[in-house]
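Biologist: I'd like to go through this one slowly, term by term. Could you tell me what each word means before we use it?

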Amino acid sequence: LCGDLKMPVPFPFSLLCLQVIKCKAAVLWEANKPFSIEEVEVAPPKEHEVRIKIMATGICRSDDHVITGALVMPFPIILGHEAAGVVESVGQRVTSIKPGDKVIPLFVPQCGECKSCLNTKGNLCIKTDLGTSAGLMSDGTTRFTCKGKAIHHFVGTSTFTEYTVVHESAVAKIDSAAPLEKVCLIGCGFSTGYGAALQTAKVEPGSTCAVFGLGGVGLSVVMGCKVAGASRIIAVDINSDKFAKAKELGATDCINPKDFNKPIHEVLMEMTGEGVDYSFEVIGRTDTMTAALACCQNNYGVSVIVGVPPAAQKITFDPMLLFTGRSWKGSVFGGWKSKDAVPKLVADYMKKKFVLDPLITHTLPWTKINEGFDLLRTGK
């Protein structure tokens with residue numbers, strides 16, 4: 001490390017960034033159990049890796065899907081993927097990041113070399129851990145140990161810990177003035193919803209949209225539809241307590257499926273005449289995915305799946321829904337090329353082009369993570 005400095009350097013300094021860090025983390029030892037706050041060892045970053053001190057992390061339904069088994073991952077594991085922090089150290093050959101940089105980890109990396117990264121239409125980098133369930137770094141090992149056991153990573157990020165290690169392709173440097181407790185949401189929830197409207201669906205001015213699910217991601221879809229110039233944004237949720245915030249962020253109508261004795265897609269068809277131009281399923285249920293498709297205009301309507309599909313479930317639907325011309329699309333991380341887009345989204349937030357505060361309902365010390373998930377599950 002010090003051979004090129006041409007000056008004497010104290011030995012401990014030369015090994016500073018090679019040390020194992022002991023810190024606290026929320027470890028999930030098995031499914032359907034609470035998180036356990038444990039002391040873990042976080043190994044130094046290897047070549048092309050970055051070790052980050054996590055300053056703020058959001059709770060996302062996708063994390064809960066792992067707990068319930070709806071998203072299959074290996075245990076034990078450190079979850080969390082929506083965060084912001086400060087770089088503590090970097091491994092060899094890291095060129096884009098340095099210690100002290102404010103960063104956002106990226107659960108969808110951007111290597112810049114694979115077909116998706118090189119294609120203007122794609123953003124799902126080959127290096128992503130989504131769908132593989134490996135829970136390991138690219139070299140097939142983990143950087144976490146606890147009580148002598150290897151702990152798995154989650155989608156290349158693992159942010160429910162004081163320190164984490166990510167690949168250089170899975171971290172974005174952001175504005176040093178950005179408030180990390182706000183912009184951490186750009187690491188998943190906000191970007192996913194906002195981009196689903198702007199990037200994936202490409203909502204047009206004057207169009208009609210329906211948004212199924214009004215959690216943080218669904219509300220971000222509403223925000224994206226409004227920015228795109230949609231004239232009507234119909235928000236759909238079984239929790240009417242969420243309607244006030246949806247209207248604050250741009251929804252023009254709010255409906256609760258429980259208030260009707262007919263399928264919700266029929267209700268939306270009647271409300272709009274021929275169906276909506278764009279619909280978004282932001283829950284992760286197969287029944288609402290098909291309902292969102294069915295409520296679209298039958299010839300040119302576009303329906304986007306944003307919620308993570310449950311494991312081992314299949315969709316049965318009438319193929320005539322697609323034959324007449326509807327489009328059914330999926331959207332991961334809002335279609336953004338992560339490493340390029342995240343710094344720009346943070347810059348837009350700093351310029352007040354959109355707000356994040358309404359998406360934050362509670363701020364807790366991270367040791368109360370189990371209470372946070374209870375709030376998520378009760379719709380609060």
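Modeller: Sure, let's start with "polar contact": a pair of N or O atoms within 3.5 Å, where within protein one must be able to donate a hydrogen and the other to accept it, and residues adjacent in sequence count only if both atoms are side-chain atoms. Also, this is a predicted model, so local features need pLDDT of at least 70 and side-chain atom pairs count only at pLDDT 80 or more, while totals for chains, interfaces and linings use all residues. Residues are numbered from 1 along each chain as its sequence is written, and side-chain values use heavy atoms, with hydrogens and water left out.

Biologist: What makes the link between the side chain of Ser158 and the backbone oxygen of Ile78 a polar contact?

Modeller: The distance from a polar atom of that side chain to the oxygen is 2.8 Å, and the limit is 3.5 Å. The side chain of Ser158 also has a polar atom 2.8 Å from the backbone nitrogen of Phe154.

Biologist: Why is Ser158 called buried or exposed?

Modeller: Buried means under 20% relative accessible area, exposed over 50%, and partly exposed in between (1.4 Å probe, protein chains only). Ser158 has 0%, so buried is the word. You'll find Ser158 in the loop between β7 (149-151) and β8 (163-167); strands are DSSP runs (E, at least two residues), numbered from the N terminus. Leaving aside neighbours within four places in sequence, Ser158 is in contact (heavy atoms within 4.5 Å) with residues including Phe144, His152 and Thr164.

Biologist: How do you know that Lys98 and Asp101 form a salt bridge?

Modeller: The term asks for a side-chain nitrogen of Lys or Arg within 4 Å of a carboxyl oxygen of Asp or Glu. Here the N to O distance is 2.9 Å, so the pair passes. Side chains of opposite charge can pair when their charged atoms come close. Lys98 is at 45% relative accessible area, so partly exposed, whereas Asp101, at 6%, is buried.

Biologist: What makes Asp101 and Lys173 a salt bridge that links distant parts of the chain?

Modeller: Their closest N and O atoms are 3.8 Å apart, so they come in under the 4 Å limit. Asp101 sits in the loop between β4 (83-90) and β5 (102-105), and Lys173 in strand β9 (residues 171-173), 72 residues apart. Lys173 is partly exposed because its value is 41%.

Biologist: And why is Lys353 called exposed while Asp348 is called partly exposed?

Modeller: Lys353 has 53%, so exposed fits; Asp348 has 22%, so partly exposed fits. These two form a salt bridge as well, with closest N and O atoms 3.6 Å apart. The rule gives 16 salt bridges, and Lys46, Glu49, Asp139 and Arg143 are linked in a network of them.

Biologist: How many salt bridges cross between domain 1 and domain 2?

Modeller: Zero. The domains are 21-189 + 336-370 for domain 1 and 202-330 for domain 2, with bounds from an automatic or database domain assignment. Twelve residues of domain 1 are in contact with 13 of domain 2, and one residue pair is in polar contact. On the side of domain 1 that touches domain 2, seven residues are nonpolar, five polar and none charged. Ala, Val, Leu, Ile, Met, Phe, Trp, Tyr, Cys and Pro count as nonpolar, Asp, Glu, Lys and Arg as charged, and the others, Gly among them, as polar.

Methods:
Helix = DSSP H or I, 4+ residues; strand = E, 2+ residues; numbered from the N terminus.
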